[in-house]
Amino acid sequence: MAQWLYEEGIGECRAARIEKGRLVEALIERENDAARPGSVMQGKLVRTIIPKRRGIARLINGEEVLVEPIPPKIAEGASVFIEILREAIPEEGRAKLAKGRIALPGTKAHPAPSLLQRIRATGIPVTPCPAHEEDQLEAHGWSELMEEAMSGEVGAEDAALRIFPTPAMILIDVDGSLPPAKLGPKGAKLAAQAIRRMGLTGSIGIDLPTMNNKDERAIASAQIDKYLPLPFERTAVNGFGFIQVIRRRERMNLMELLRADPVETAALGLLRRAERHGQGGAAVITAAPAIIDRLHKASEWIEQLARRRGGAISLKADPGLGISAGHVA
């Protein structure tokens, strides 16, 4: 039976979908005021790119949103309500703006559904995971998944993936010691599972080994259909072993979220460990200077940690530590 594990952490909330004892999908929602899919936000149309088709709106929080289409009666400078369809996506060089459309007349501003509301809407049971209980997320491989998302490396020697996000598409390279007829299906299965676990969306290219005939390629294609839930579209595996998968893109995937700000990612991970360390009470967090600086700037996080632990929290910078080598005592 499937279930969601839900953890209301400090600075972010986390959810893991568990099926047959395996973590098959992970979701993280960080605390910020960025535009999120499903929300309606007030703003102003500040620039027209293509008349009646595309423009830029600036929301009341200062964030800019790509808006299309633009109704004929809406001119530059007009106050508008924007229905957010896709959140901003970090990309190398420049970020992809959030995307939205002018809300229907009479629509009022409202926030997007929270992570907890979204997983409850699936109809699957939700199990809360408070810090004073057994770490169920960790028991199902949460840290290992975070490492995979940061490194882009998944699998073992016989079949492994290297995942490369690019502005055009996400590329997944499949390699391993298995013969092509076995590596193709195994690699396709691993890729489908990784796509789901990390929430990879948009255009995804999977480079499988070159297989000898259509039957072998069809077996590999079938693994995508078996392990990646709909909705998605895909091509067949071509003669060079390449298959393309298309999934609707609304939010950052796990790789984009964790890599967008590695210092914040490391700081939040360290807060998670600190909350669960020992039996509560005072604690000392020791980490690289960049991590400590980030925690000093987020005093509300430290105050929340102190309340949850029931003791004072001290921060100590150690220049000799790497960004992910912090510890709690």
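A nonpolar core is taken here as a set of buried Ala, Val, Leu, Ile, Met, Phe, Trp, Tyr and Cys residues whose side-chain atoms come within 4.5 Å of one another. In this predicted model, the largest such core has 43 residues, and Ile163, Ile172 and Ile206 are the ones with the most contacts inside it. Helix H4, spanning residues 180-198, is the top contributor, putting in 8 residues. There is also a second, separate core of 20 residues, with Ile10, Ala283, Leu295 and Val328 among its members. That kind of grouping fits a general pattern: in soluble globular proteins, nonpolar side chains tend to be buried together.

Now for the overall layout. The chain's secondary structure adds up to 9 helices and 18 strands. Its radius of gyration is 22 Å, close to the 20 Å that the globule rule gives for 329 residues, so the chain is as compact as a globular protein of that length. Laid along its principal axes, the C-alpha trace spans about 65 × 60 × 40 Å. Of the 329 residues, 44% count as buried. Take the contacts between residues at least 6 apart in sequence, and 64% of them turn out to join residues at least 24 apart. On the outside, the chain exposes about 16900 Å², with carbon and sulfur atoms supplying 53% of that area. As for charge, there are 45 positive and 42 negative side chains, and the centres of the two sets sit 6 Å apart.

Back to the largest core and one of its best-connected members. Setting aside neighbours within four places in sequence, Ile172 is in contact with Leu161, Arg162, Ile163, Ala191, Ile195, Leu200, Ile204, Gly205, Ile206 and Asp207. Ile163 and Ile206, both on that list, are the two residues named alongside Ile172 as having the most contacts inside the core.

Met198 is another residue to look at, this time in helix H4. Its relative accessibility is 1%, so Met198 counts as buried, the cut-off being under 20%. Not counting residues up to four places away in sequence, Met198 touches Leu145, Glu148, Ala149, Val154, Ile163, Asn253, Leu254 and Met255. Ala57 is another story: Met198 and Ala57 are 141 residues apart in sequence and 30 Å apart in space, going C-alpha to C-alpha.

Gln223 belongs to helix H5, residues 214-227. At 17% relative accessibility, Gln223 still counts as buried because the limit is under 20%. Beyond its neighbours within four places in sequence, Gln223 is in contact with Pro185, Ala188, Lys189 and Ala192. Those partners fall within the 180-198 range of helix H4.

Helix H7 covers residues 262-276 and holds Leu270. With a relative accessible area of 5%, Leu270 is buried. Apart from neighbours within four places in sequence, Leu270 is in contact with Ile285, Thr286, Ala287, Ile291, Gly326, His327 and Val328. Val328, for its part, is among the residues of the second core. For Thr286, which lies 16 residues from Leu270 along the chain, the C-alpha separation is 9.4 Å. Thr265 is placed in helix H7 as well. Thr265 is buried too, at a relative accessible area of 15%. Its contacts, again leaving out neighbours within four places in sequence, are with Arg30, Leu257 and Leu258.

A few backbone details in the loops deserve a mention. The peptide bond from Glu68 to Pro69 is cis, with omega near -5 degrees, and Pro69 sits in the loop between strand E6 (64-67) and strand E7 (79-86). The bond from Leu230 to Pro231 is cis as well, with omega near 10 degrees. Pro231 falls in the loop between H5 and strand E14 (233-234).

Then there are two lysines with positive phi, even though neither is a glycine. For Lys20, phi is about 55 degrees, and the residue is found in the loop between strand E2 (12-19) and strand E3 (22-30). Lys20 counts as exposed, since its relative accessibility of 81% is over 50%. For Lys52, phi is about 65 degrees, and its place is in the loop between strand E4 (40-50) and strand E5 (54-59). Lys52 is exposed as well, with a relative accessible area of 60%.

Methods: Residues are numbered from 1 along each chain as its sequence is written. This is a predicted model: local features need pLDDT of at least 70, side-chain atom pairs count only at pLDDT 80 or more; totals for chains, interfaces and linings use all residues. Side-chain values use heavy atoms; hydrogens and water are left out. Helices (H or I, at least four residues) and strands (E, at least two) are DSSP runs, numbered from the N terminus. Buried means under 20% relative accessible area, exposed over 50%, partly exposed in between (1.4 Å probe, protein chains only). Contact means heavy atoms within 4.5 Å. The radius of gyration is taken over C-alpha atoms; the globule rule is 2.2 Å times the number of residues to the power 0.38. Accessible areas come from the Shrake-Rupley method with a 1.4 Å probe; for residues, only the protein chains shown count as cover. Lys and Arg count as positive and Asp and Glu as negative; His and the chain ends are not counted. The place of a charge is taken as NZ of Lys, CZ of Arg, CG of Asp or CD of Glu.
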